[in-house]
Amino acid sequence: MARGDMMKGFELYQPADLDNALSLLDKFGEESWKLAGGQDSLDWFKDRAKQPKAVIDLGGIQALRGITETADGIEIGALTTLREVATNAAINAKFPLLGTAASRVASPQIRNQATLGGNLCQDARCWYYRYGLDCYRAGGNKCYADSPEGVNREHCLFGADRCVAVTPSDTAVALVALDARMVVVNKDGEREIAAENFFIGPDVNITRMTVLEPGDILKSVRIPATWAGARWYFEKVADRNTWDFALVNVASVIKLTGSTIDDIRIVCGGVQCVPRRLTVVEEVVKGSVRNDETFELAAQSASRGATPLNYNHFKIPLMENLVRRAIRDA
Amino acid sequence: MSDDMNNSGPYSASPTAVSTRSRTSRRNFIKGVIASGATVSAGGYLMTMAGCSSDSGDGGSASAPAPGTVERMLVLNVNGERRTVDVLPQETLAMTLRYKLSLTGTKLGCDRGECGACTVLIDDVAYNACSVLTHTLRGRNVMTIEGLAAADGSLHPVQQAFIDELGPQCGFCTPGQVMSAVALLKENPRPSRQQAREAMAGNLCRCGAYDNYLNAVMRAARGA
Ligand SMILES: Cc1cc2nc3c(=O)[nH]c(=O)nc-3n(C[C@H](O)[C@H](O)[C@H](O)COP(=O)(O)OP(=O)(O)OC[C@H]3O[C@@H](n4cnc5c(N)ncnc54)[C@H](O)[C@@H]3O)c2cc1C
Ligand code: SF4
Ligand code: FES
Ligand code: FES
């Protein structure tokens, strides 16, 4: 059957609690697929580029839902929809950066169905890979994007290692900026991973975008109060305002005394396989006054070390400008 | 209700339908669809079977559901009616509506979440029917374009406003546009033009009739 035909059949499981879901994942291992809102998954199935035997629908599991204010910030269940994240009063009061990033994902219909967990765990959007080609990320031994004839306008500036795909998620950059923690469960128990270490590049594992193993479920995201109420900035530049993924996006949180920058976290998406925390920029501007000189220094250090491909040189000035604004206009 | 998600726990083997369903041939399946009142348009015939029949090509799983998997028969609430329908695990709502329930007002444009032609309401919120598995909708209320007009045939105010403002050109995107507008006005009966623009942003129109549609949404809001 040609590509683009209907989905291949699979077994659909709808466990009502976490324990059942985990034992199903244990049972089917690499042949299983976790389904949340399906906005990434169903495309893979329709294109038949992924053909799991058992699809485990996480939608009925209450333990993965809900937004709770805790003593130390906010905990958001992985199954919370992007619409809920974007419109939730507590999130927007404490961390408007996250609410805003969620509101910039895809389209209204997609945000109504897509979940925060799915947005963080979604796979690369490289069109060669999604077309079903046997590239490195798909287990083959070639990169179609990073080849003389490859179209790589949307690919990376940093961290290339055979694969040059970028992180597609708008919420991921916001959560790395906010120093969030990912709560992951498997049959052996629960663990907490800093958002910054949750996403992995091709140098760590070229077939995955996150540390999650087949038996792992992302349960929730904890955002500590550290940056609640801080100054913030989010901007996404894409070809169209609806649907399109970021060419580059930026998220920052800043603490000031007068106009001196006391503390800052700043992260760019669309430039590397993982959300790129700009630690050099952070170090350069900490303790400085917010003025043109600081913005210029920040912009220059943001793009230092970039290795553009044939068609994505434009991302360098784009990234520099976004970083400048993310510090100036926060 | 044996097909209710709350009752059929994760490991409940389907008590009914297994034996009959397991030997359903493609021919009987088609007969069954026709007998149950669904009409199958000639053009969509093969596609219908590719998308909805478990034993076409390599598209099928084993015919008998594995223990613990979903029960294929389910009851859907569509446009205020309870409809019993046989749904494959991998079937999207758009497929079920169009090819099982004959509700062809819901259009399939891209089948990838990129156009909004398939927009329907689920519990009053807009979703792309091409991108939701029907099996995840047990117990929820689906509303399609066919369910908007009153029993006496008078149009929903949004439909009327779309006509009054000459909204559609070719009309292919129109059902989706109407459903997005209805969802918006349920949530926010007096939107600003900018709010309406944002709410309609998930519906593409190849004819470019966006301004007419926006005018129609604002007219419906004034009248609502
Ligand atoms: C047309 C279109 C435009 C888009 N535009 C954007 C955009 O602009 N910005 C953006 O950020 N995204 C965009 N997306 C991507 C979309 O936002 C994500 O695909 C969506 O958020 C995924 O969420 P989901 O719940 O539907 O995930 P699913 O499709 O259900 O899951 C996605 C992946 O995550 C895994 N997964 C899901 N939940 C869990 C969990 N709790 N634990 C472990 N693994 C899990 C699944 O196994 C799967 O591999 C777009 C998608 C489409 C179709
Ligand atoms: S960039 Fe990565 S995903 Fe794209 S073709 Fe190259 S190896 Fe594959
Ligand atoms: S057909 Fe569903 S969004 Fe295009
Ligand atoms: S009226 Fe033709 S696509 Fe919108």
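Buried area is the accessible area, taken with a 1.4 Å probe, that two parts lose on being put together, summed over both. The exercises below concern a predicted model.

**Exercise 1. The interface of chain B and chain A**

Task: Determine how much area chain B and chain A bury between them, and which residues of chain B make up the side that touches chain A.

Solution.
- Step 1. Begin with the area: chain B and chain A bury about 3300 Å² between them, and carbon and sulfur atoms account for 57% of it.
- Step 2. Turn to the residues in contact: 35 residues of chain A meet 47 residues of chain B.
- Step 3. Consider the polar pairs. The rule finds 14 residue pairs in polar contact across this interface, with both residues at pLDDT 80 or more.
- Step 4. Locate the elements on chain B. At least two residues each are supplied by α3 (45-52), β4 (125-128), α6 (174-187) and α7 (193-199) of chain B to the side that touches chain A. The largest share, four residues, belongs to β4(B).
- Step 5. Sort that side of chain B by class: 20 residues are nonpolar, 20 are polar and seven are charged.

**Exercise 2. Salt bridges between and within chains**

Task: State how many salt bridges the whole structure holds, and describe one that crosses between chains.

Solution.
- Step 1. A search over all chains finds 37 salt bridges. One pair crosses between chains, running from Glu187(B) in helix α6 of chain B to Arg83(A) in helix α3 (residues 82-87) of chain A.
- Step 2. In this pair the closest N and O atoms are 3.5 Å apart. Between chain B and chain A the count is three salt bridges.
- Step 3. Compare each accessibility with the cut-offs: buried is under 20%, exposed is over 50%, and partly exposed lies in between. Glu187(B) is exposed because its relative accessible area is 56%. Arg83(A), at 27%, is therefore partly exposed.
- Step 4. Within chain A, Glu154(A) and Arg153(A) form a salt bridge through their side chains, with an N to O distance of 3.5 Å. Glu154(A) is partly exposed at 31% relative accessible area, and Arg153(A) is partly exposed at 29%.
- Step 5. Arg162(A) and Asp161(A) likewise meet in a salt bridge, at 3.1 Å from N to O. Arg162(A) has a relative accessibility of 40% and counts as partly exposed; Asp161(A), at 26%, also counts as partly exposed.
- Step 6. A network also exists in chain A: salt bridges that share partners join Asp179(A), Arg181(A), Glu196(A), Arg265(A), Arg277(A) and Glu282(A).

**Exercise 3. The setting of Ser32(A)**

Task: Decide whether Ser32(A) is buried or exposed, and identify what it touches.

Solution.
- Step 1. Ser32(A) belongs to strand β2 of chain A, which spans residues 32-35.
- Step 2. Its relative accessibility is 13%, so Ser32(A) counts as buried.
- Step 3. The side chain of Ser32(A) reaches the backbone oxygen of Gly29(A) at a distance of 2.7 Å.
- Step 4. Leaving aside residues up to four places away in sequence, Ser32(A) touches Leu25(A), Pro52(A), Ala54(A), Ile56(A) and Pro214(A).

**Exercise 4. The shell around ligand 2**

Task: Name the residues that come nearest to ligand 2, and sort the shell by class.

Solution.
- Step 1. There are 13 residues around ligand 2, of which Cys126(A), Cys135(A), Cys143(A), Cys163(A) and Val164(A) come nearest.
- Step 2. By class, the shell around ligand 2 consists of eleven nonpolar residues, one polar residue and one charged residue.

Definitions and conventions: Residues are numbered from 1 along each chain as its sequence is written. Chains are lettered from A and ligands numbered from 1 in the order in which they are written. This is a predicted model: local features need pLDDT of at least 70, side-chain atom pairs count only at pLDDT 80 or more; totals for chains, interfaces and linings use all residues. Side-chain values use heavy atoms; hydrogens and water are left out. A residue is near a molecule or strand if one of its heavy atoms lies within 4 Å of it. Ala, Val, Leu, Ile, Met, Phe, Trp, Tyr, Cys and Pro count as nonpolar, Asp, Glu, Lys and Arg as charged, and the others, Gly among them, as polar. Buried means under 20% relative accessible area, exposed over 50%, partly exposed in between (1.4 Å probe, protein chains only). A polar contact is a pair of N or O atoms within 3.5 Å; within protein, one must be able to donate a hydrogen and the other to accept it, and residues adjacent in sequence count only if both atoms are side-chain atoms. Contact means heavy atoms within 4.5 Å. A salt bridge is a side-chain nitrogen of Lys or Arg within 4 Å of a carboxyl oxygen of Asp or Glu.
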